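Got the viewer open? Grab the mouse and follow along, one selection at a time.

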Amino acid sequence: MGDSNCLFCRIASRQVKADIVGEEEGLLAFKDSHPQAPTHLLVIPTEHFPTLADVTPAQTQLLGSAIQFANRLARQYQLSESGYRVVFNCGSGAGQSVFHLHLHLLGGRPMRWPPG
Ligand code: 5GP
Ligand code: ZN
């Protein structure tokens, strides 16, 4: 069951509109509404859990599937050669603003390190 107060649960249940670019069992990918790169996608588990710190051993397979999904999307968006960045912000101090676990897939421009 989704959390009706959670934006990404509401996107997962199609109560809030998003530009969905892919879906597979237990996972959804959509475009970030405030893109920080020419390609900026979010991959979320359709089940609600707040942060990366909440991942249990039972959920590690889903997390691995999210990474494989991101890799497939990166190929689809022609990011394989130029490179891409995959980010999980965990906690507000690290920049997390939506407390439903999500993976950022960013690409299409040069990336600097360290991130801000
Ligand atoms: P965080 O800061 O939690 O790591 O990332 C949350 C991301 O969700 C941000 O990049 C933000 O632009 C994106 N976002 C916030 N609200 C919405 C929305 O309503 N729709 C979509 N597609 N993305 C959103
Ligand atoms: Zn949620």
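Before we start clicking, one term: a polar contact here is a pair of N or O atoms within 3.5 Å, and within protein one of them must be able to donate a hydrogen and the other to accept it. Keep in mind, too, that this is a predicted model.

**Stop 1: H102.** Select H102 and show its side chain. That side chain reaches the backbone oxygen of H100 at 2.7 Å, which makes it a polar contact because the cut-off is 3.5 Å. Now bring up ligand 1 as well: a polar side-chain atom of H102 lies 2.9 Å from one of the ligand's oxygen atoms. As for where you are in the fold, H102 belongs to the loop between β4 and β5 (103–107). Is H102 buried or exposed? It counts as buried, because its relative accessibility is 7% and the cut-off for buried is under 20%.

**Stop 2: the rest of the ligand's polar partners.** Keep ligand 1 on screen and add N89. An N or O atom in the N89 side chain sits 2.8 Å from an oxygen atom of ligand 1. Next, show the backbone of V98, where a polar atom is 2.9 Å from a ligand oxygen. How much of ligand 1 does the protein bury? On its own the ligand exposes 520 Å², and 81% of that is buried by the protein.

**Stop 3: the whole shell.** If you switch on a surface, look for the second largest pocket: that is the space ligand 1 takes up. Color the elements that give two or more residues to the shell around the ligand, namely α1 (7–12), β2 (27–31) and β3 (39–45). Which of the elements gives the most? That's α1, with three residues. Now select every residue around ligand 1, and you should have 17 of them, with D32, N89, G95, S97 and H104 the closest. Color that selection by residue type and you'll get six nonpolar, nine polar and two charged.

**Stop 4: H104.** From that closest set, pick H104 and center on it. You're now in strand β5. Turn on the H40 side chain too: a polar contact of 2.8 Å joins it to the side chain of H104. H104 is another buried residue to note, with a relative accessible area of 11%.

**Stop 5: V86, with D32 for reference.** Go to strand β4 (residues 84–87) and click V86. Draw a distance from its C-alpha to that of D32 and you'll get 13 Å, for two residues that are 54 apart in sequence. V86 has a relative accessible area of 37%, so it is partly exposed, falling between the 20% and 50% cut-offs.

**Stop 6: backbone oddities.** Three quick clicks to finish.

- Select W113 and P114 together: the peptide bond joining them is cis, with omega at about 5°. P114 is in the segment after β5.
- Jump to R14, in the loop between α1 and β1 (20–24). Its phi is positive, about 65°, although R14 is not a glycine. R14 counts as partly exposed, at 43% relative accessibility.
- End on Q78, in the loop between α2 (60–76) and β4. Here too phi is positive, at about 55°, although Q78 is not a glycine. With 65% relative accessibility, Q78 counts as exposed, because the cut-off for that is over 50%.

Conventions: Residues are numbered from 1 along each chain as its sequence is written. Chains are lettered from A and ligands numbered from 1 in the order in which they are written. This is a predicted model: local features need pLDDT of at least 70, side-chain atom pairs count only at pLDDT 80 or more; totals for chains, interfaces and linings use all residues. Side-chain values use heavy atoms; hydrogens and water are left out. A residue is near a molecule or strand if one of its heavy atoms lies within 4 Å of it. Accessible areas come from the Shrake-Rupley method with a 1.4 Å probe; for residues, only the protein chains shown count as cover. On a 1 Å grid over the protein atoms alone, a cavity is a set of points where a 1.4 Å probe fits but cannot get out, and a pocket is an open set with protein on both sides within 12 Å along at least five of seven lines; lining residues have an atom within 4 Å of a point. A molecule sits in a cavity or pocket if more than half of its atoms lie within 2 Å of its grid points. Helices (H or I, at least four residues) and strands (E, at least two) are DSSP runs, numbered from the N terminus. Ala, Val, Leu, Ile, Met, Phe, Trp, Tyr, Cys and Pro count as nonpolar, Asp, Glu, Lys and Arg as charged, and the others, Gly among them, as polar. Buried means under 20% relative accessible area, exposed over 50%, partly exposed in between (1.4 Å probe, protein chains only).
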